[in-house]
Amino acid sequence: MKKAYKIQCSEVYTTRRWNNSLKMSGGDNSIQEIAAGLRSNKAQLELVITQLNQLQRQKLLAQVTAKELSSYPVGDVWRSCGKMFITQDKQEYTEQLTKQEKTINDQIKALMIKKNYIETTLNNAMDVLRKSVQQQ
């Protein structure tokens, strides 16, 4: 809850800063600043989307691995560890996979919040940019 509140406050601050920069400067300079901010935010958004896709793949891999392990009748399984393999108790390995999946879910949730914040910031910046171009 605290993170969402911080994001909303930052969002309001960012919008006000852009609006104030338009009023204070001649216009061309502020348009360049807004355009630079847009480029930066688009790059951040692409990075967040890439990270989300990577985490989704990791989550799917953990789910499939846990499902396959549940069908094995043996108690010990071979687990990859870099370039070698080690034996590990199946139950212990399954528990590690569920912990990993929970961690991935938390990371996905945090990235979704960040993605929504960046998208909102981009939309606000586009609106301010449109208004400033229309005024000139």
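How many residues lie between β1 and β2 in the hairpin, and which residue in the turn has a positive phi? In this predicted model, β1 and β2 form a hairpin with two residues between them. The turn residue with the positive phi is G82, and its value is about 70°. The two strands run antiparallel, with β1 covering residues 76-81 and β2 covering residues 84-89. Six bridges join them. One of the pairings puts C81 opposite M84, its bridge partner in β2.

Stepping back to the whole chain, the protein has three helices and two strands. Read along the sequence, these elements follow the pattern α-α-β-β-α. The protein is 136 residues in length, and 27% of them count as buried. As for the outside, about 10000 Å² is exposed, and carbon and sulfur atoms supply 54% of that area. How do the contacts spread along the sequence? Taking the contacts with a separation of 6 or more, 68% come from residues 24 or more positions apart.

Now for the inside. The largest nonpolar core holds 15 residues, and I34 and L38 are the ones that touch the most other members. Two helices, α2 (28-71) and α3 (90-135), each supply at least two residues of this core. The largest share comes from α3, which puts in eight residues. There is also a second, separate core of five residues, and L69, V77, Y93 and L97 are among them.

Back in the largest core, L38 is worth a closer look. Which residues does L38 contact, once its neighbours within four places in sequence are left aside? The list is L122, A125, M126 and L129. Given the range of α2 (28-71) and α3 (90-135), L38 belongs to α2, and the four residues it contacts belong to α3.

A125 turns up again when A35 is considered. A35 has its place in helix α2. Along the sequence, A35 and A125 are 90 residues apart, yet in space their C-alpha atoms are 8.3 Å apart. Is A35 buried or partly exposed? A35 has a relative accessibility of 22%, and buried means under 20%, with exposed starting over 50%. A35 therefore counts as partly exposed.

Notes: Residues are numbered from 1 along each chain as its sequence is written. This is a predicted model: local features need pLDDT of at least 70, side-chain atom pairs count only at pLDDT 80 or more; totals for chains, interfaces and linings use all residues. Side-chain values use heavy atoms; hydrogens and water are left out. A nonpolar core is a set of buried Ala, Val, Leu, Ile, Met, Phe, Trp, Tyr and Cys residues joined through side-chain atoms within 4.5 Å. Buried means under 20% relative accessible area, exposed over 50%, partly exposed in between (1.4 Å probe, protein chains only). Contact means heavy atoms within 4.5 Å. Two strands pair if DSSP finds at least two bridges between them. Accessible areas come from the Shrake-Rupley method with a 1.4 Å probe; for residues, only the protein chains shown count as cover.
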